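Welcome, and please load the model in your viewer. We will go from stop to stop, with a selection to make at each one.

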Amino acid sequence: MDGDGASRGHPMLEKRLSHRERHFTAGEVVRDVIMGVSDGLTVPFALAAGLSGASAPSSLVLTAGLAEVAAGAISMGLGGYLAAQSEADHYKREMKREQEEIIAVPDTEAAEIGEIMSQYGLEPHEYGPVVDGLRRNPQAWLDFMMRFELGLEKSDPKRALQSACTIALSYVIGGLVPLLPYMFISTAQNAMLTSVGVTLVALLFFGYIKGHFTGNRPFTSAVQTAIIGALASAAAYGMAKAVQAR
C-alpha cells in the first residue's frame with residue numbers, strides 16, 4: 001500500500017497531516033518593536049507639545065525633539081542590550097548550577113523530574129521510563145530541568161545586539177512621526193495641531209497592529225494606545241503653559 005492509501009486508512013493520521021499549526025514565534029522581536037515605537041511616539045510627542053505650549057519656535061521644537069530622539073534611541077537600545085545580556089548571563093549561571101547538581105546528586109534531580117511530571121497528572125509507572133531515558137542522556141536531562149524546573153529558555157547569542165538595534169530603530173521611527181510637521185510648518189502652534197492629528201493616527205494604527213500581534217482586541221488596543229499618548233502630551237502641554245503663566 002502506498003503512502004496515500006496508508007493515510008486514507010487511518011483517519012487520525014489523515015487528520016494530523018491536514019492540520020497545520022500556526023503559532024507566532026517572533027514574540028521577542030515584536031516586544032522590542034512595541035517598546036521602541038510606543039515610547040518613540042509618546043515621549044517626543046509630549047516634549048514637542050510642551051515646548052509648543054511654551055511658545056517656542058518650530059525650529060527650537062524640532063532641534064530639541066531630534067536631540068531627544070537620538071538620546072532616547074541610545075538609552076532605550078542600551079537598556080534593551082543590558083536586559084537581554086542579563087537574561088543570557090542568568091541562564092548560563094543557572095545551567096552551570098543545574099549541571100553540577102545533576103552530577104553531584106543525580107537521584108535527587110531524578111526525583112524532581114518525577115515531581116514535575118506528576119504535576120501534569122502522570123503516575124509513577126507512566127513517567128518512570130521518561131526519567132530513565134533522561135538519565136541516560138545528560139544533555140537532554142539538563143535541557144529538561146532548565147525548561148521545566150526553572151522555566152528558562154536558552155536565548156540566541158546574538159539576541160542582545162539584535163534587541164538593542166530593534167528597540168533603537170523602532171524608537172527613531174516612532175519619534176520622527178510627531179516631529180514631521182515641525183519640519184514643514186514654521187509656526188509652532190500650527191505645527192503642534194498637525195502633529196497632534198498625525199500622531200494620534202499613528203498611535204491608533206500602531207495600537208491596532210500591536211493588538212493584532214499580541215492577541216488582544218485590535219480596536220481596543222488602538223484606543224488605549226491613543227489615549228495614553230494623548231494624556232502624556234496633554235500633561236506636558238499643560239505643565240508648559242502653567243510654567244509660562246508664572
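Before the first selection, a word on how helices are assigned here: a helix is a DSSP run of type H or I with at least four residues, and helices are numbered from the N terminus. Keep in mind, too, that what you have open is a predicted model.

**The whole chain**

Start with a cartoon view of everything. The chain has 10 helices and zero strands, so a helix label such as H4 counts along the chain from the N terminus. Written out in order, the elements read α-α-α-α-α-α-α-α-α-α. Of the 246 residues in the chain, 35% are buried. Now switch on the surface: about 15100 Å² is exposed, and carbon and sulfur atoms supply 63% of that area. If you like contact maps, look away from the diagonal: among contacts with a separation of 6 or more, 72% are between residues 24 or more positions apart.

**Stop one: Arg97 and Glu94**

Select Arg97 and Glu94 and show their side chains. The two form a salt bridge, with 2.6 Å between the closest N and O atoms. Why do Arg97 and Glu94 sit about one helical turn apart? They are three residues apart in helix H4, and that spacing makes about one turn. The two ends of the bridge can be told apart by their cover. Arg97 is partly exposed at 41% relative accessibility, while Glu94 is buried at 17%. The cut-off for buried is under 20%, so Glu94 falls on the buried side of it.

**Stop two: Asp107 and Arg135**

Next, select Asp107 and Arg135. Here is another salt bridge, with the closest N and O atoms 3.1 Å apart. This pair links distant parts of the chain: Asp107 belongs to helix H5 (residues 106–118) and Arg135 to helix H6 (residues 124–135), with their positions 28 residues apart. Colour by accessibility and you will find Asp107 exposed, at 55%, and Arg135 partly exposed, at 34%.

**Stop three: around Asp32**

The structure holds four salt bridges, and the next selection takes in a network of them. Select Arg31, Asp32 and Arg159, which salt bridges link together. Within the network, the side chains of Arg31 and Asp32 meet at 3.9 Å, N to O. Is Asp32 buried or exposed? Asp32 is buried, with a relative accessible area of 1%, whereas Arg31 is partly exposed at 41%.

Stay on Asp32, which is found in helix H3 (residues 27–53), and expand the selection to what it touches. Setting aside neighbours within four places in sequence, Asp32 is in contact with Arg159, Ser163, Thr166, Ile167 and Ser170. One of these deserves a distance label: the side chains of Asp32 and Ser163 are joined by a polar contact of 3.1 Å.

**Stop four: a nonpolar patch**

Go back to the surface view and select Leu66, Leu176, Leu180, Met183 and Phe184. Together they make a nonpolar surface patch of about 470 Å². Which helix gives the most to the patch? That is H8, with four residues. Leu180 is found in this helix, which covers residues 159–184. Leu66, in contrast, has its place in helix H4 (residues 58–104). Both leucines count as partly exposed, Leu180 at 38% and Leu66 at 37%.

While Leu180 is selected, add Leu62 and draw a line between the C-alpha atoms. The line should read 8.5 Å, for two residues that are 118 residues apart along the chain.

**Last stop: the aromatic pair**

How many aromatic pairs does the structure hold? It holds one. Select Tyr208 and Phe219 and show their rings: the pair is edge-to-face, at 5.3 Å centre to centre with 75 degrees between the planes. Tyr208 lies in helix H9 (residues 188–214) and Phe219 in helix H10 (residues 218–245), so the pair ties together parts that are 11 residues apart in sequence. For a final look, put the surface back over the two rings. Tyr208 is partly exposed, with a relative accessible area of 35%, and Phe219 is exposed, with 64%.

Methods: Residues numbered from 1 in each chain as written. Predicted model: local features only at pLDDT ≥ 70, side-chain atom pairs only at ≥ 80, totals over all residues. Heavy atoms only, no water. Phe/Tyr/Trp six-rings, centres within 6.5 Å; stacked < 30°, edge-to-face > 60°. Helix = DSSP H or I, 4+ residues; strand = E, 2+ residues; numbered from the N terminus. Buried < 20%, exposed > 50% of the residue type's maximum accessible area, 1.4 Å probe, protein only. Contact = heavy atoms within 4.5 Å. Areas by Shrake-Rupley, 256 points an atom, 1.4 Å probe, with all protein chains shown as cover. Patch = residues over 30% accessible without salt bridge, like charges linked within 9 Å, V, L, I, M, F, W, Y side chains within 5 Å. Polar contact = N/O pair within 3.5 Å; in protein donor to acceptor, adjacent residues only side chain to side chain.
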